[in-house]
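Hello,

Here is the structure I promised to pass on. Please have it open while you read; my notes follow below.

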Amino acid sequence: MEKYDVVILGAGAAGLFCGAQAGKQGLKTLILDNGKKIGRKILMSGGGRCNFTNMYIEPAAYLSHNPHFCKSALARYTQWDFIELVNKYAIPYHEKTLGQLFCDNSAQDIADMLSSECTKNGVTIQLRSEITHVEKQDEQFIVTVNNKKVSSHSLVVATGGLSMPGLGATPFGYRLAEQFGHSILPTRAGLVPFTLHKNLLDQLQVLSGISVPASVTAANGTLFKENILFTHRGLSGPAILQISSYWQPGEYVSINLLPEIALDNFLVRERQEHPNQSVKNTLSKLLPKRFIEILQTLKQIPEGTLKQLNPAQQQALCETLHCWQVQPNGTEGYRTAEVTLGGVDTRELSSKTMESLKTARLYFIGEVVDVTGWLGGYNFQWAWSSAWACAQALATLSKATSA
């Protein structure tokens, strides 16, 4: 039975980075993954260009039942630290919007960088690994993989969440956490498009592919201001993906379709200059004409001319377009979700080391943990930061044991 200092389960962002850092500290490290290649989620993220971090990382951009948990790791390994590593490898990148950093060429650059870091630091990566059993015996973790056993002083769970099962996502990490006595907080799809009820969807489907700037507010008051995208299933786009993490089934979201325009003032000016212009044609200067026609069909926008628009109708019109109320039917689920909300309860982990408070030398990092960031590189940064914190703890433990 081959023995290691550390076995890491999962060759995604967190697992690879933790492995590289552990190897750098001189620890004999093995990374196991069930897939055919490393970093599958890295490779498809950001439209294939990997939004690897964000310039404006802050704890407030993360959702967790324990909101203070992420602070320590994010403060100790920052976005600037990861950017320094990217620069070291001369990977070209650019800021797309709101501090989001993307590779100029391909997400493969980030995957290759992590692979190189692992290779340089002597880390063994074993793919197509079917793990059938994990147990702790005499202060050693015994992992049965592909009908063979390996042992390690420490075990790191970096298996990710349930999002994108097509890329190999499974609940394995949650089951393992439960095996060692951990609580799993309810999971659900996050950063995911909305589906709509049939009557509204039937009307809006003709707008599929059209994007408009908007601000979207959840029932709890959380607001995001970016584009929304009409799809053949419902609504997507950055603002919708962001708000989906704060939405609960049955709730409405409020969409300001004209976040940069005071519609009331605009209508007053237009009425003075073009009193006989139709309401539809007037609003079509601001929004897609087909969308205005749909809202008229739904009786949410009056017909007629501007001079026929009375004060009550104008006020109702402004409320409609500044506070368009939409009740999603649901979300597209894990199939297209970028992240999983919920997971291993952070109240049972050390925020400094990611170590289990129930089982010594068992660690949980990345998406498997109940920490979920905003769209725009925040979740990758959590992967890097939690992995780094874990690796430092592994090194400290190793030094203390050898001493």
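Which residue lies over the face of Tyr4? Lys28 does, at 4.9 Å from the ring centre. Keep in mind throughout that this is a predicted model.

A second charge sits over a ring further along. The charged end of Lys96 is placed over Phe102, 5.0 Å from the centre of that ring.

**The annotated domain**

The unreviewed UniProt entry annotates residues 5-392 as "domain: RsdA/BaiN/AoA(So)-like Rossmann fold-like". Over residues 5-392, helix makes up 32% of the chain and strand 25%. The end C-alpha atoms of that stretch are 13 Å apart.

**Aromatic pairs**

The whole structure holds 17 aromatic pairs. Phe52 and Phe82 form a tilted one, with 6.0 Å between centres and 45° between planes. Phe52 belongs to strand β3 (residues 51-54) and Phe82 to helix α4 (residues 79-88), so this pair ties together parts that are 30 residues apart in sequence. Phe52 counts as buried, at 0% relative accessibility. Phe82 is buried too, with a relative accessible area of 0%.

Phe141 and Phe180 pair edge-to-face: 6.0 Å centre to centre, 65° between the planes. This pair links distant parts of the chain, 39 residues apart. Phe141 is in strand β9 (residues 140-145). Phe180 is in the loop between α6 (172-179) and β11 (184-190). Both Phe141 and Phe180 are buried.

There is also an aromatic cluster. Its members are Phe17, Phe52, Tyr77, Phe82, Tyr93, Phe380, Trp384 and Trp388. Phe52 and Phe82, the tilted pair, are among them.

**Salt bridges**

How many salt bridges does a search of the whole structure find? It finds 13.

Asp33 bridges to Arg40, with the closest N and O atoms 3.0 Å apart. Is Asp33 buried or exposed? Asp33 counts as buried because its relative accessibility is 10%, and the cut-off for buried is under 20%.

Arg347 and Asp345 form another salt bridge, again with closest N and O atoms 3.0 Å apart. Asp345 has 6% relative accessibility, so Asp345 counts as buried.

Glu293 and Arg290 meet in a salt bridge at 3.5 Å, N to O. Both lie in helix α11 (residues 289-297), three residues apart, which is about one turn of the helix. Glu293 is partly exposed, at 23% relative accessibility. Arg290 is partly exposed as well, at 37%.

Finally, Arg233, Glu332 and Arg335 are joined into one network by salt bridges that share partners.

Best wishes

Methods
Residues numbered from 1 in each chain as written. Predicted model: local features only at pLDDT ≥ 70, side-chain atom pairs only at ≥ 80, totals over all residues. Heavy atoms only, no water. Salt bridge = Lys/Arg side-chain N within 4 Å of Asp/Glu carboxyl O. Buried < 20%, exposed > 50% of the residue type's maximum accessible area, 1.4 Å probe, protein only. Helix = DSSP H or I, 4+ residues; strand = E, 2+ residues; numbered from the N terminus. UniProt positions renumbered as here; feature names shortened; annotations may be inferred. Phe/Tyr/Trp six-rings, centres within 6.5 Å; stacked < 30°, edge-to-face > 60°. Lys NZ or Arg CZ within 6 Å of the ring centre and 35° of its normal.
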